[in-house]
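Hi there,

Here is the structure I promised to pass on to you. Have a look at it first, and then read on for what turned up in it.

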Amino acid sequence: MDEAEGILKDLGLNRSTALKIFYQQIIWNNGLPFAVKKPEIPNEETLDAMHEDISKTKTYDNSDELWHDLGI
């Protein structure tokens, strides 16, 4: 909540004004002004890839080197 309050302050808004804006958006959108859905949880393969150590992965200075290593 403190983070949200800080953002509102940076925008020059207080909680009351922000709620009034939010309620007006609900009226104009005839519902919430954004999609409400459960966040997608990455599968095991994606999680493994996210945690993979890529610090020693080969890098390329140009696309020709990459294509050469790919055999294309």
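Phe22, Tyr23 and Phe34 are joined into a cluster by ring pairs. Please keep in mind that this is a predicted model. Searching the whole structure gives 2 aromatic pairs. In one, Phe22 meets Tyr23 edge-to-face, with 6.2 Å from centre to centre and 75 degrees between the planes. In the other, Phe22 and Phe34 are stacked, with 6.2 Å between centres and 20 degrees between the planes. The stacked pair ties together parts that are 12 residues apart in sequence, because Phe22 lies in helix α2 (residues 15–29) and Phe34 in the loop between α2 and α3.

Are these rings buried or exposed? Tyr23 counts as exposed because its relative accessible area is 54%, and exposed means over 50%. Phe34 is partly exposed at 47%, and Phe22 is partly exposed at 28%.

While you are looking at α2, follow the helix from end to end. Its 15 residues reach 21 Å from the first C-alpha to the last, close to the 21 Å expected at 1.5 Å a residue. At the N-terminal end, Asn14 acts as a cap, with a side-chain oxygen 3.2 Å from the backbone nitrogen of Ser16. After the helix comes Asn30, which has a positive phi, near 55 degrees.

Next, the charged side chains. How many salt bridges are there? The count comes to 2. In one of them, the side chains of Glu5 and Arg15 meet at 2.7 Å, N to O. This pair links distant parts of the chain, since Glu5 is in helix α1 (residues 2–10) and Arg15 is in helix α2, 10 residues apart. Glu5 itself is partly exposed, at 28% relative accessibility.

The other salt bridge is between Lys58 and Asp69, whose closest N and O atoms are 2.7 Å apart. Lys58 sits in the loop between α3 and α4 while Asp69 belongs to helix α4, so this pair ties together parts that are 11 residues apart in sequence. Lys58 is exposed, with a relative accessible area of 51%, whereas Asp69 is partly exposed at 42%.

One more thing to find on the surface: Tyr60, Leu66, Trp67, Leu70 and Ile72 make a nonpolar patch of about 510 Å². Among them, Leu66 is found in helix α4 (residues 63–70) and is partly exposed, with a relative accessible area of 31%.

Happy exploring, and best wishes!

Definitions and conventions:
Residues are numbered from 1 along each chain as its sequence is written. This is a predicted model: local features need pLDDT of at least 70, side-chain atom pairs count only at pLDDT 80 or more; totals for chains, interfaces and linings use all residues. Side-chain values use heavy atoms; hydrogens and water are left out. Rings of Phe, Tyr and Trp (its six-membered ring) pair if their centres lie within 6.5 Å; planes under 30 degrees apart count as stacked, over 60 as edge-to-face and the rest as tilted. Buried means under 20% relative accessible area, exposed over 50%, partly exposed in between (1.4 Å probe, protein chains only). Helices (H or I, at least four residues) and strands (E, at least two) are DSSP runs, numbered from the N terminus. The expected span of a helix is 1.5 Å times one less than its number of residues. A polar contact is a pair of N or O atoms within 3.5 Å; within protein, one must be able to donate a hydrogen and the other to accept it, and residues adjacent in sequence count only if both atoms are side-chain atoms. Patches are made of residues with over 30% relative accessible area and no salt bridge: like charges are joined within 9 Å, nonpolar side chains (Val, Leu, Ile, Met, Phe, Trp, Tyr) within 5 Å. Accessible areas come from the Shrake-Rupley method with a 1.4 Å probe; for residues, only the protein chains shown count as cover. A salt bridge is a side-chain nitrogen of Lys or Arg within 4 Å of a carboxyl oxygen of Asp or Glu.
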